[in-house]
Each structure stands twice: as C-alpha cells, then as structure tokens.
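Reader: I like to see which cut-off stands behind each label. Could you show me the model and then take my questions one by one?

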Amino acid sequence: MSERTYDLVVIGAGPVGENVADRAVQGGLSVAIVESELVGGECSYWACMPSKGLLRAGAALRAARAVDGAKHAVTGDIDVAGVLRRRDSLTSDWNDASQVEWLQGAGVDLVRGHGRLSGEKRVEVTGPDGSLTTLVARHAVAVCTGSAALLPDVPGLADVSPWTSREATAVQEVPGSLAIVGGGVVAAEMATAFVDLGSEVTLIARSRLLGPMEPFAGDLVAQSLTDRGARVLLHTDLVSAQRVDDGQVELELSNGTRVRADEVLVATGRVPRTEDLGLDTVDLEPGSWLDVDDTMLVRGSDWLYAVGDVNHRALLTHQGKYQARAAGDVIVARATGGTVDDAPWGAHVATADHGAVPQVTFTDPEVASVGETEASARAAGRNIRVLDYDLSWIAGASTRSDAYTGQARAIVDEDRGVLIGATFVGADVGELLQAATIAVVGEVPLARLWHAVPAYPTLSEVWLRFLETYGRPTV
Ligand SMILES: Cc1cc2nc3c(=O)[nH]c(=O)nc-3n(C[C@H](O)[C@H](O)[C@H](O)COP(=O)(O)OP(=O)(O)OC[C@H]3O[C@@H](n4cnc5c(N)ncnc54)[C@H](O)[C@@H]3O)c2cc1C
Ligand SMILES: NC(=O)c1ccc[n+]([C@@H]2O[C@H](COP(=O)([O-])OP(=O)(O)OC[C@H]3O[C@@H](n4cnc5c(N)ncnc54)[C@H](O)[C@@H]3O)[C@@H](O)[C@H]2O)c1
C-alpha cells in the first residue's frame, strides 16, 4: 500500500468537490481529489445537464408555437433522435476527459477509486485495479460525495428494476409508456420531458406537485401536464409493484386502481452517499447526512468538512458550489493561520443557504423561486405581506407569447420593509430570478426598489407591479 500526504484530501469530484479543491489550491494548499466514477459528478452526467438537454427541445417548440406567424413554420414533431444526440453532446458522451484536464490545469491531483475514511485525517482509496493508496491530510478532509436516488420500501418495487433519475436522464430508447412515482422536482421535470418525447406518462404523487413551493406552482405544472395528455394522480400512494407477463410494470395504487407502464421511474428524493465511507472510523453514523456548521465543518470535528448534497442543506449544484467556495477558502485560512470571516454573510460562510436559495424548475411552465414562501414565512412566525400578480397582464408577456400563462408572488417582511421571497411561474421566468435573489440577499428596501426601473416591455415589469400592489411610499 502506498501513502501520500496532502494539505487537503477531497472525496468526490462532483461540481462541489471540484470547487473546494480549486479554491484550496488557489489559496496555496496541495490537494488530492478522489473520484470513483466520472469527474464532474451526478450533475454533469445524470442530473442537471442531461435533464435540461432532454427538456430544451420541447420548450423551444412550445415557444415557437405560442407566436402567430412563427407557429406556421413548425410543421413537425420533436425529433427524438436529435434530442438524444444533443443530450449526449451535453454529457460529453459520459466521458470526463475535459473535466480531468480542467482539474490538472487547476493543479489538483486526481486519484481514481473509491475513498473511505480510515481514521482521523486519513483516506484509504481502493483503485479500479484493487490497489490500495492511503492519503494523509495535513489539515483537512472534505467529503463531497453527493447523494443517490432513494428507493422507497414498497413491496415488489426493487424487483421490477425501476428507473431512477440516472436511467431517465441517460435514456437511449424512449418507452411507449412511463409511470413516475414522486411529486418533486425530478418527477415534474421528467414528466415534462417524457411527454415531450412521446411517452404516455402517468405521474403518481402522494401529495401535490412541487410540495415545498408556492401551491400555484405545482397546480399550474399539473394542469399543463394534464392538458398535454399526461395522467396526473395527486394524493395517491404506491402500494405495490410487479412485472407482468408482457414485461410491463403493474403498479397498485392507494386509490384502488392499477396502472401499467413499460417502465417506472422512482423520483422520491435522495439519500446521502455515506454508507461505504468509513464514517464509523471517525465516530459518525454510516449512511447519515453530515451535519455541518456554516463553514461546512462537520459538527464536533476540527478537520472534517462536508460540502454539497451530502450535508443536506440545499441539494442544488449552484448552492453546493457556493458552499464549496466558502469551505475551500476557510480551509486555507485555518491551515495558514489567516483570518476566519465566519460572521453571517462573511466570506467563509454559506449564509444564503438559510433563506435565500434560488431554484429554477424547468417544467412547462417554468418555476423560479428564491427564499421564503408564504407558508414557510408564516410557519416561522414572520410578519409578512403577500403580493400576487398575474404575469399574463404584463406587456412583456403579451409580446412574448399569444397566450401567456403565469403567476408571480412576492413575500414582504413588513417589520423590515424588504423582500424575503419570490416565486415566478411562466415561460422563461428563470431569467427573472437573479434580480429577486439580489433583492433578498441585499435586503434592498422596497422604497429603494422603486428606483430600479424595469425595461419596457420585459417580463421584469412584474417588479413594478409588485411595488404598485404594495403601494407607493408617502412622504
Ligand atoms: C435528475 C436531476 C436533475 C437535477 N437538476 C439540477 C439542476 O438543474 N440544477 C441544480 O442546481 N441542481 C440539479 N440537481 C441537483 C444536483 O445534481 C446536485 O445538487 C449536485 O450534483 C450535487 O453536487 P455534489 O458535488 O454535492 O454531488 P455529486 O454531483 O453527486 O458528486 C459526487 C461525486 O462523488 C463521487 N463519490 C461518491 N462517493 C465516493 C467515494 N466514496 N469515493 C470517491 N468518489 C465518490 C461520485 O461518483 C460523484 O462523482 C439535479 C438532480 C437530479 C437527480
Ligand atoms: N431544476 C432543478 O433545480 C432540479 C431538478 C431536479 C432535481 N433537483 C434537486 O434534486 C433533488 C432531488 O429531487 P427529487 O425530486 O428526487 O426530490 P424532492 O425532495 O424534490 O421530491 C421528492 C418527492 O417524492 C415524494 N416522496 C417521498 N417519499 C415518497 C414515498 N415513499 N412514496 C411516494 N412519494 C414519496 C415527496 O412527497 C416529494 O414529492 C431535489 O432536492 C432537487 O432540488 C433540482
């Protein structure tokens, strides 16, 4: 067994691990990163990139079909082979050569293999050829191993070879029919994509769609899926699953009905990839999410960090990378005796995780949200006012599309006169989100927002409508 020593050892070269490593190298530390599959992680190969690749053609087509004059030029259906070809290109055909090159350019040493903690500041790597290497960390180990699909304990489900998000995003042959279990972001996006690709989709959700978001978001997405031919079964549980003689999956549901489909996609959330990580060697529970402070230090440790999905703060690439910048920099500061800036909104903390997380769900219509919803703000006892506006009333919506459907909501903290949350639902609303994120994070007073004039005629005029709904300040 060989042994090598680095200042920092990162386990997991997804988007988050890459960024922790890069910041630490930029701060002057030596860094090894361990990866058991593809450098770039879930996001690049089985999540963000391929899913958006599968969704884009449908969105582009709908945009053209919503404009008189343009819709006449759309004379055919989606070319499924073209969509899959474009998805393959977005995943670089599941080849990580360019990301490996990026790591080398960044000065990070890549160690291929499965990493496990083997005591304080020690990581044992089993290479693809079975060889063992021990990496010793002078200062810190960062666990960035991400998450995997959760398979609920439903009788028969494991035996029907259900799809997870991996099989769905890497699909090679679009099934004639697809049942989707779950009502979250993966279920809603994949239902949208597979309807576009021509599958007969049945979506089975035990509550409403997109549960934690404003209720109108899930309602509009469910309505649109139904309008486009999907069967959307809300408040329905999966009771059992089996493969039947013709090879189809048969699902028994809590409403007493049965659904048959060629494949079933399970999209019921995530589990941390910590089961086989040697957590027991450092007195932590294998298989658990890793609880961290705002600098991403695992509570109770002064050398072990957990960054990205694996800490369960916000399971999103951009938020994980934000944590990674803070963690990489604080590891450097602590290793070199520098100043640690860990007060709220400091350079070494991920304060935004607590109340300013932006997310775009690429359904039809798109859903863009940041910060609090009405329900979360009320549950937290905040003194709020809710501002609602129908996006179709905005001039920018009518020029964009002949029948724009959309809704927006802003949540105002009445005690401070600032925005603490916003949700937009409609075509292209994803691009409205950063303005809302800046308003929330910057705690921009509503009185000052009146001077941030949205250009006419853009969808951003919703900002003016929010302010008019709230009322103009009086002197
Ligand atoms: C279908 C789908 C679509 C998504 N779309 C979006 C989106 O549009 N936007 C968005 O922001 N987020 C999206 N997400 C979430 C996003 O994919 C994750 O938040 C992100 O990938 C987390 O990054 P990470 O680096 O923490 O983990 P990962 O990307 O999971 O990377 C972890 C890496 O660690 C490696 N690893 C694990 N264990 C070990 C070990 N013991 N030894 C060595 N290596 C190991 C893995 O092989 C992997 O490469 C989506 C998720 C899914 C499932
Ligand atoms: N565009 C994006 O930003 C994007 C896209 C996809 C995924 N993601 C991220 O990936 C993560 C995973 O997404 P997800 O959709 O798998 O999880 P999720 O947490 O968003 O949704 C899980 C869904 O499964 C349901 N569920 C849970 N257990 C169940 C059970 N036993 N039976 C039936 N239903 C059950 C829940 O009610 C919920 O509707 C999310 O945190 C999300 O933020 C982001």
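**Labels and their cut-offs**

Author: Gladly, and let us start in a helix: leaving aside neighbours within four places in sequence, Ala436 is in contact (heavy atoms within 4.5 Å) with Val370, Ala422, Phe424 and Trp463. This is a predicted model, so local features need pLDDT of at least 70 and side-chain atom pairs count only at pLDDT 80 or more, while totals for chains, interfaces and linings use all residues. Residues are numbered from 1 along each chain as its sequence is written, chains are lettered from A and ligands numbered from 1 in the order in which they are written, and side-chain values use heavy atoms, with hydrogens and water left out.

Reader: What makes you call Ala436 buried?

Author: Its relative accessibility is 0%. Buried means under 20% relative accessible area, exposed means over 50%, and partly exposed is in between, with a 1.4 Å probe and protein chains only. Ala436 falls under the 20% limit, so it counts as buried. Ala436 belongs to helix α12, residues 433–441; helices (H or I, at least four residues) and strands (E, at least two) are DSSP runs numbered from the N terminus. One of its partners, Val370, is 66 residues away along the chain, yet the two C-alpha atoms are separated by 7.1 Å.

Reader: Why does Asp388 get the label partly exposed?

Author: Because its relative accessible area is 35%, which lies between the 20% and 50% limits. Asp388 sits in strand β19, residues 384–390. Beyond four places in sequence, Asp388 touches Gln407, Ala408, Arg409 and Thr469.

Reader: How do you know that the side chains of Asp388 and Arg409 make a polar contact?

Author: A polar contact is a pair of N or O atoms within 3.5 Å; within protein, one must be able to donate a hydrogen and the other to accept it, and residues adjacent in sequence count only if both atoms are side-chain atoms. The Asp388–Arg409 pair is at 2.6 Å, so it meets the distance limit. Their C-alpha atoms are 4.5 Å apart, although 21 residues separate them along the chain.

Reader: Why are Thr351 and Thr373 called buried?

Author: Thr351 has a relative accessibility of 11%, so it counts as buried. Thr373 is also given as buried because its value is 11%. Thr351 lies in the loop between α9 and β17, and its side chain reaches the backbone nitrogen of Trp345 at 2.7 Å. Its contacts beyond four places are Tyr322, Pro344 and Trp345. Thr373 lies in the loop between β18 (367–371) and α10 (374–379), where it touches Pro212, Met213, Glu214 and Ile411.

Reader: Now the ligands. What surrounds ligand 1?

Author: A residue is near a molecule if one of its heavy atoms lies within 4 Å of it. By that test 36 residues surround ligand 1, and the closest are Glu35, Lys52, Gly115, Asp309 and Thr317. A polar backbone atom of Gly115 is 2.9 Å from a nitrogen atom of ligand 1, and a polar side-chain atom of His318 is 3.2 Å from an oxygen atom of the ligand. Taken alone, ligand 1 exposes 990 Å², of which the protein buries 93%; the areas come from the Shrake-Rupley method with a 1.4 Å probe.

Reader: Which classes of residue make up the shell around ligand 1?

Author: The shell has 14 nonpolar, 15 polar and 7 charged residues. Ala, Val, Leu, Ile, Met, Phe, Trp, Tyr, Cys and Pro count as nonpolar, Asp, Glu, Lys and Arg as charged, and the others, Gly among them, as polar.

Reader: And which residues come nearest to ligand 2?

Author: Of the 19 residues around ligand 2, these are Gly183, Val186, Glu189, Gly269 and Val360. A polar backbone atom of Val186 is 2.9 Å from an oxygen atom of ligand 2, while a polar side-chain atom of Arg206 is 3.2 Å from a nitrogen atom of the ligand. The protein covers 74% of the 850 Å² that ligand 2 has accessible on its own. Two elements, α7 (185–196) and β17 (358–361), give two or more residues to this shell, which divides into 8 nonpolar, 7 polar and 4 charged.

Reader: Where does UniProt place the "FAD/NAD(P)-binding" domain?

Author: The unreviewed UniProt entry has it covering residues 6–318; such annotations may be inferred rather than shown by experiment. Over that stretch the chain is 28% helix and 25% strand.
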